[in-house]
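Work through these exercises with the sequence and the model side by side. Each task is followed by a stepwise solution.

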Amino acid sequence: MKRVAILGSTGSIGVQALDVVGRFPDRFEVVGLAAGRNAPRLLEQIRRFRPRVVSVCDEAAARAVRAEAPPGTEVLSGDAGAVAVASHPDAAFVLAAISGGAGLRSTAAAIEAGKPVGLANKESMVLAGELLMARAAAKGVAILPVDSEHSAIHQSLVGHNRGEVRRLILTASGGPLRCTPAAELAAVTPERALKHPNWSMGDKITIDSATLMNKGLEVIEARWLFGVEQQRIDIVVHPESVVHSMVEYVDGSIVAQLGISDMRGPISYAMGHPERMPLDLPPLDLGRLGKLTFEPPDPARFPAYTLAYRALELGGTAPAVLSGADEAAVAAFLARRCSFTQIADVCADVLEAHVAEPVRSVEQALAASEHGRREAEKRVGALARAPAGR
């Protein structure tokens, strides 16, 4: 019986993780849950899984949950509550799926408490990857990726000599705008950009998929998770989303992980590691699929992913600043305060203006992300004030 804590339990990854737990009640016990403001869904989860401690984002939501939670469940709130769930002494595994930079403190707390982490919060690695990997090594705990691409790389590395890796190849669906001509991109609406062809995700990550920024952030995550320099991490667009990523070795052999587009696969891989668990999911029918296609990403139409390589080149706090700037720029696009193409423009301006410093603490990384967010907001505001045609 593995006792687990799930951070971000009411989000997409958290809900699917609890689905996996529900399929294997003899293998998992839920010790703690951390959620945002979705009190009704959290209460449903509490009643079913009977965790010892839960946390919500603020005290108002906590009061609502306390009023209806069954006896025996402690209800906490805020960052401190999520940290308490992540570091609970009874938890033997923590699934970190709080979205955005908000998940960094609790992810770091789990590592400091010596908990193996299933990482579905890429921003933790983007903001403070080098620091977190060093702390995990010092504590002797594993960080197991839950993102489908990084899970695929992890699976493709098992049983092989890490010193024989030539490069990592991250696959990208290309998003909803893959075939959109460059001349049309500036006029793309949020509604159009949110229509992902393969995945059902939150608004922010779906827009990041459309700009390819998400793939750039995954390059940063892979850089630290696997200890491979960014010059040896490539991206290939693969619209079918069947090959989830690949590893090329020094003899030219490529090992890939294939599967249907269902996040319960990588979630269960991390939760059950080193064992695999039988999932009642549809098989991958390659004969019916017929073909797999690949193409290089287009930096002229989708320059956002190239900014991640630049951030790694600048080092230190630069990736955190880029992440914060992207959060603000995407929010502005969704609010129709900037155009689709201006997302990358704003992020590039903020990144190049930043003077990077080494990341020495979680709080410094969060401050750098917030700085990037503020600077992007300033630039979005300037765009709104600029004369028409400029």
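**Exercise 1. Count the disulfides, then check the cysteines.**

Solution. Step 1: a disulfide is a pair of cysteine sulfur atoms within 2.5 Å. A search of the whole structure gives 0.
Step 2: take Cys 338, which is in no disulfide. The nearest cysteine sulfur belongs to Cys 347 and is 8.9 Å away.
Step 3: sort by accessibility, where buried is under 20% relative accessible area, exposed is over 50%, and partly exposed is in between (1.4 Å probe, protein chains only). Cys 338 has 9% and counts as buried. Cys 179 has 62% and is exposed.

Two notes on conventions. This is a predicted model, in which local features need pLDDT of at least 70 and side-chain atom pairs count only at pLDDT 80 or more, while totals for chains, interfaces and linings use all residues. Residues are numbered from 1 along each chain as its sequence is written, and side-chain values use heavy atoms, leaving out hydrogens and water.

**Exercise 2. Place Arg 301 and list its partners.**

Solution. Step 1: helices (H or I, at least four residues) and strands (E, at least two) are DSSP runs, numbered from the N terminus. Arg 301 sits in the loop between helix H13 (286-289) and helix H14 (304-314).
Step 2: look for polar contacts, meaning N or O atoms within 3.5 Å; within protein, one must be able to donate a hydrogen and the other to accept it, and residues adjacent in sequence count only if both atoms are side-chain atoms. The Arg 301 side chain reaches the backbone oxygen of Arg 178 at 2.9 Å. It reaches that of Thr 180 at 2.7 Å.
Step 3: widen to contacts (heavy atoms within 4.5 Å). Leaving aside neighbours within four places in sequence, the partners of Arg 301 include Leu 177, Cys 179, Pro 181 and Leu 185.

**Exercise 3. Find the salt bridges and examine three pairs.**

Solution. Step 1: a salt bridge puts a side-chain nitrogen of Lys or Arg within 4 Å of a carboxyl oxygen of Asp or Glu. The whole structure holds 33.
Step 2: Glu 218 pairs with Lys 215, with closest N and O atoms 2.7 Å apart. Both residues are buried. They are 3 residues apart in helix H11 (residues 213-226), so about one helical turn separates them. An α-helix has 3.6 residues a turn, so residues three or four places apart point the same way.
Step 3: Asp 262 pairs with Arg 264, again with closest N and O atoms 2.7 Å apart. Asp 262 is buried at 16% relative accessibility. Arg 264 is buried too, at 18%.
Step 4: Glu 327 and Arg 373 meet in a salt bridge at 2.7 Å, N to O. Glu 327 lies in helix H15 (residues 318-334) and Arg 373 in helix H17 (residues 362-385), so the pair ties together parts 46 residues apart in sequence. Arg 373 is partly exposed, at 22%.
Step 5: look for a network. Arg 3, Glu 29, Arg 52 and Asp 90 are linked in one.

**Exercise 4. Decide whether helix H5 is mostly covered or mostly open.**

Solution. Step 1: H5 spans residues 104-112, and 7 of its 9 residues are buried. H5 is therefore mostly covered.
Step 2: name some. Among the buried residues are Leu 104, Ser 106, Thr 107 and Ile 111.
Step 3: go just past the end of H5. Gly 114 takes a positive phi of about 80°.
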